[in-house]
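Reader: Hello! I am new to reading protein models, and I would like a close look at one single part. Could you walk me through a spot you like and then show me how the rest of the picture fits around it?

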Amino acid sequence: MTTIKFGTSGWRGLIARDFTFENVRLATQGIAEYLKGPEGGAPSHPSKTVIVGYDTRFLGREFALAAVEVLAANGVEVLTDGAPKDDAAIDRLMQSAGHA
């Protein structure tokens, strides 16, 4: 796994070098484990709901599906509408779902 670098809007890296299906699954597993916490729930995140979105970049949908699979396998509820969205649309989806 390569080092994951984040910028203002998320993960920074080149597809197939830094941003791979393996790394997406590994990072998503870490998120799922954090949400489950040491006793079944992270103290600051009692709701185990995650909104997964993606944009129109190459393989965006497939990367999102890889994350959804890992989260679901860990018992995390996943919200997505299955269509590409920009950051502002994801923010509105979070607000409408009461997760902002």
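Author: Happy to! Let us begin with Asp 18, which counts as buried at 11% relative accessibility. Please keep in mind that this is a predicted model, and each value here was computed from that model.

Where does Asp 18 sit? Its place is in the loop between E2 and H1. The label "buried" follows because the cut-off is under 20% relative accessible area, and Asp 18 has 11%. The partner to look for is Arg 17: a polar contact of 2.9 Å joins the side chains of Asp 18 and Arg 17. This pair also forms a salt bridge, with the closest N and O atoms 2.9 Å apart. Arg 17 is exposed, with a relative accessible area of 53%, while Asp 18 is buried.

Now turn to Phe 19. This residue lies in the loop between strand E2 (10-12) and helix H1 (21-36), and Asp 18 has its place in the loop between E2 and H1 too. What is the ring of Phe 19 paired with? Phe 19 and Phe 63 form an aromatic pair, 4.6 Å from centre to centre, with 75 degrees between the planes. That makes the pair edge-to-face, because the planes are over 60 degrees apart. Phe 63 lies in helix H2 (residues 60-73), so the pair ties together parts that are 44 residues apart in sequence.

Phe 63 deserves a pause of its own. Phe 63 is buried, with a relative accessible area of 6%. Its ring also pairs with the ring of Phe 21: the centres are 4.3 Å apart and the planes are at 25 degrees, so this pair is stacked. Phe 21 lies in helix H1 and Phe 63 in helix H2, so here the parts tied together are 42 residues apart in sequence. Is Phe 21 buried or partly exposed? At 28% relative accessibility, Phe 21 counts as partly exposed.

If you put these rings together and add Trp 11, you get one aromatic cluster made of Trp 11, Phe 19, Phe 21 and Phe 63. A search of the whole structure finds three aromatic pairs.

Let us go back to charged side chains for a moment. How many salt bridges are there? The count comes to three salt bridges, and one of them is the pair of Asp 18 and Arg 17. Another joins Asp 55 and Arg 57, with the closest N and O atoms 2.4 Å apart. Asp 55 is partly exposed at 26% relative accessibility, and Arg 57 is exposed with a relative accessible area of 60%. Lys 85 forms a salt bridge with Asp 81, where the closest N and O atoms are 2.8 Å apart. Lys 85 is partly exposed at 25%, and Asp 81 is partly exposed as well, at 43%.

Finally, step back to the whole chain. The protein chain has three helices and four strands, and along the sequence they follow the pattern β-β-α-β-α-β-α. Of its 100 residues, 25% count as buried, and Asp 18 and Phe 63 are buried residues you have already met. Among contacts between residues at least 6 apart in sequence, 57% join residues at least 24 apart. The chain exposes about 6,600 Å², with carbon and sulfur atoms supplying 56% of it.

Methods: Residues numbered from 1 in each chain as written. Predicted model: local features only at pLDDT ≥ 70, side-chain atom pairs only at ≥ 80, totals over all residues. Heavy atoms only, no water. Phe/Tyr/Trp six-rings, centres within 6.5 Å; stacked < 30°, edge-to-face > 60°. Helix = DSSP H or I, 4+ residues; strand = E, 2+ residues; numbered from the N terminus. Buried < 20%, exposed > 50% of the residue type's maximum accessible area, 1.4 Å probe, protein only. Polar contact = N/O pair within 3.5 Å; in protein donor to acceptor, adjacent residues only side chain to side chain. Contact = heavy atoms within 4.5 Å. Areas by Shrake-Rupley, 256 points an atom, 1.4 Å probe, with all protein chains shown as cover. Salt bridge = Lys/Arg side-chain N within 4 Å of Asp/Glu carboxyl O.
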